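Colleague: I would like to learn how to read salt bridges and helices in a model. Can you take me through them on this one?

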Amino acid sequence: MDFSLFYFANEQEAEADSTDRYGLLLEGAKFADTHGFTAVWTPERHFHEFGGIYPNPSVLGAAVAAVTERVGIRAGSVVAPLHHPVRIAEEWSVVDNLSGGRAGVSFASGWHPHDFVLRPENFADRKAKLETIVEDVRELWRGGCVSCTDGAGETRSVRSYPRPVQAELPVWITSSGGPETFRAAGRARAGLLTHLVGQSLEDLSDKVALYREEYAARSGSDEDRGNVVLMLHTYLHEDGDVAKETVREPLTAYLRSFAGLTMSSGPKGRRIDPEALSPRHFDALVARSFERYFDEGGLLGTLDKAVDVVERVRKADVDEIACLIDFGVDREKVVAGFDLLGRLRAATSDRHR
């Protein structure tokens, strides 16, 4: 099992030290770089406190490249329909050069209409746009050309620069749990990045099987099975009760923020306005979410408990756990838990060598 670090901070929590919003990102990246972790992931989020300090993962990736030597530098994710494929290829090629060939990108279709104030024309067919943009970025990365329309309305064949270090860009597709996205990632021969919001490990295992089937049909190799990355909230402590009380407030606030974002922007007919719920009902919803997450949805608690979670994740045929560490726990406490996180990675790697 590979381990990486994942970032998706709540802006309100980050404001606790507004002069050093990215201190934990850089400190965690240095730790990951020297302790055998696979990668550092940063997202793309806009116009909301939930993840809002990460509007451009390539900018942050360049910062991570400057303070690391080995660890992979990945977007989790680039919202493809918000960008021109040439710009994606250009920016990530810069990161690839700065890092000596360590860049990787997970692409997402986007889901929140507010984000698409940047490219409103792409919202309706964003899933189709995702597929074409991924292929265009791959082609540009390999040194090929794509056709674009210039300011005079003429079609031009363009090639992106600088040339990257890696011959192929490592690519993942981000899925919130929809089976068709799992299949699409397999058909694209891309990796898959997902989480446990709205799906259990048992559900995930079934969907991973769909992904592996589609991927195998196109790879032509039994050994090349793709790559599945699962994001999990992470905070470890020697005392399970201390861990629970440490994460209770920040994780509850994190889930409250996420619930407010998703409940008001789901599919038509299924949207729920959080303001229409009584405070008591909304609090109860978030409280139930917290208990589920602490018990089953993350690497939260003691090292022994986390080892059990890793084994369950392994049985779901996941290749890598992306540890979400910046969901609001005080920076000093997160850093203090790095030793246990390193021990978890070592312990769960050793038993399957």
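Colleague: How many residues apart are R314 and E311 in helix α10?

Modeller: Side chains of opposite charge can pair when their charged atoms come close. A salt bridge here is a side-chain nitrogen of Lys or Arg within 4 Å of a carboxyl oxygen of Asp or Glu. R314 and E311 form one, with the closest N and O atoms 3.4 Å apart. The two lie 3 residues apart in α10, so about one helical turn separates them. Helices are DSSP runs of H or I with at least four residues, strands are E runs of at least two, and both are numbered from the N terminus.

Colleague: What should I know about the model itself?

Modeller: It is predicted: local features need pLDDT of at least 70, side-chain atom pairs count only at pLDDT 80 or more, and totals for chains, interfaces and linings use all residues. Residues are numbered from 1 along each chain as its sequence is written, and side-chain values use heavy atoms, leaving out hydrogens and water.

Colleague: Are R314 and E311 buried or exposed?

Modeller: Buried means under 20% relative accessible area, exposed over 50%, partly exposed in between (1.4 Å probe, protein chains only). Both R314 and E311 are buried. Now take α6 (179-187). There R183 and E180 meet in a salt bridge at 3.7 Å, N to O. R183 is partly exposed at 27%, and E180 is partly exposed at 41%.

Colleague: Where is the salt bridge of E245 and R248?

Modeller: In helix α8 (residues 240-263), with the partners 3 residues apart. Their N to O distance is 3.1 Å. R248 is partly exposed, at 29% relative accessibility.

Colleague: Which residues are linked in a network of salt bridges?

Modeller: R212, R225, D317 and D319. The structure holds 25 salt bridges. R212 is also one of the buried residues of α7.

Colleague: What should the 19 residues of α7 span?

Modeller: The expected span is 1.5 Å times one less than the number of residues. For α7 (residues 201-219) that gives 27 Å, and the end C-alpha atoms are 26 Å apart, which agrees. G220 follows α7 with a positive phi, near 70 degrees.

Colleague: What do the buried residues of α7 pack against?

Modeller: Contact means heavy atoms within 4.5 Å. The buried residues of α7 pack against α6, β8 (191-195), β9 (228-236) and α10 (303-315). Among those buried residues are L204, V208 and Y211.
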